[in-house]
Amino acid sequence: MKPDTALIHHDYQPPGDFASPQIAVHKASSVFFPNVKAMRERNWLDKTGYTYGLHGTPTTFTLEERICQLEGAKHCVLLPSGLAALAQVNLALLKTGDSILIPDNAYGPLKSLAEGELQQWGISHRYYDPMEPQSLADNLQADTRLVWLEAPGSVTLEFPDLPALVKLCSDKQVLTALDNTWGAGVAFQPFDLLPQMAGSRLGVDVCVHALTKYPSGGGDVLMGSVTTCSDELARSLKLSHMRLGFGVAGNDAELVLRSLPSIGLRYKTQDETCRKLASWCLQQTAFVQVLHPAIVASPGHAHWRDLCAGGVAADADVHSGGAAASLLSLRFDPGLSQSHIDRFCNALRLFKLGFSWAGPVSLAVPYELKSMRRHAPPELLQGGFVRLAIGLESAEDLIADLSQALSTMG
Ligand SMILES: Cc1ncc(COP(=O)(O)O)c(C=O)c1O
């Protein structure tokens, strides 16, 4: 054998007694079969065998299992971004003539997908007000195949009565899909929304998680997952996942696996910092509204308290118990022009202007809500709006940064 060949066809086998808890990074396109019989028989669909890198490696199968563990699910597929995961659910479960319902405060690109490709393919959509279960009930029609849910809404962070919305859909046998990126499998269990009522299991049918956020935690990986407890839905999801050629890289999967053990700690620490900032922001006259589900005056606080804080009443303006992701939105005094608010954003030093959240660096994004919402209360659309994503810096430093930026507004 020539040296070049020997470098490829080497005898390496991982040592059997190398019992490290860290997961090896397996990377492959081809996977070898010992013979034709094995090639014909090996089944990628039930994940009992390896057939091709795209259909899974020991690294990606392990990550899928861990995401299932985190969210209380049975099946998982991984995708190259959270947005790809949102798209995958629609592509796998819908056909021409179906209709979907989307909450008015949903993640914007999901709405764009519905208004773009889905519409082109004859899949219609309607928006509902997630804070009014009746709005969902009124929109559930014979052609409604799937209802999207988000708790809380992107950007404006209103927390819906998630069990009530899910119950309405399950009574009508309409599928539910939750964007669970905010809850992250930490704040509540999406497949068991009423754990206090043993024996009456109520959960969503499908969960999407932008692993880009908390599961990665580093701001350096883009990945998404789709999970379900249903064997039937999992089959549809896996088949379409295979047909569309979605896959994730072994190194990226390894980065998420490395971060997962600390997700609870990071979620809690960022949550605590975020609530300190929320308390401080409530005292600032420049902000007429501070939105965060643990703030008693924030829309849907009681629903958050029931789902994520064991129903325990708040002990202050900002509830100190339960769990919440580290997003905080600020509505500025309508007397302040957009150029004032832009000056505030430009003056931030520790907060960087950038999209995404749940990484180590705090981020700020100004939003123009008027162009984003149909069902919002009119006052929400008055005044400029900025969403903060709180990272791992100290609360004192972040408050000092907000304070100096406010002082530049004049
Ligand atoms: C609520 C929510 N869902 C999904 C996504 C999409 O995730 P990704 O950036 O991995 O595509 C985001 C991204 O910001 C998000 O905020």
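Helix 9 packs its buried residues against helix 3 (58–71) in this predicted model. Helix 9 itself covers residues 250–259, and its buried set is G250, D252, A253, E254, L255 and V256. So much for that pair; on to the domains.

The protein splits into domain 1 (19–262) and domain 2 (263–407). Measure from C-alpha centre to C-alpha centre and you get 27 Å between domain 1 and domain 2. Where the two touch, domain 1 puts in 31 residues and domain 2 puts in 35 residues. Here is how the domain 1 side of that contact breaks down by residue class:

| Class on the domain 1 side | Residues |
|---|---|
| nonpolar | 17 residues |
| polar | nine residues |
| charged | five residues |

Now for the core. The largest nonpolar core has 106 residues, and the members that touch the most other members are W148, L149, A177, V226 and L328. Helix 4 (residues 82–93) is the top contributor to this core, giving seven residues. Why does the core lie between domain 1 and domain 2? Because domain 1 (19–262) and domain 2 (263–407) both give residues to the core, it lies between them.

V226 deserves its own look, being one of those members that touch the most others in the core. Leaving out residues up to four places away in sequence, V226 touches C76, V77 and L79, then A85, Q88 and V89, and also V206, V208 and L237. Of these, A85, Q88 and V89 fall within the residue range of helix 4 (82–93).

Methods:
Residues numbered from 1 in each chain as written. Predicted model: local features only at pLDDT ≥ 70, side-chain atom pairs only at ≥ 80, totals over all residues. Buried ≥ 20, exposed ≤ 12 C-beta atoms within 10 Å, placed from the backbone. Helix = DSSP H or I, 4+ residues; strand = E, 2+ residues; numbered from the N terminus. Contact = placed C-beta atoms within 7 Å. Core = buried A, V, L, I, M, F, W, Y, C linked by C-beta atoms within 7 Å. Domains from an automatic or database assignment. Nonpolar A, V, L, I, M, F, W, Y, C, P; charged D, E, K, R; others polar.
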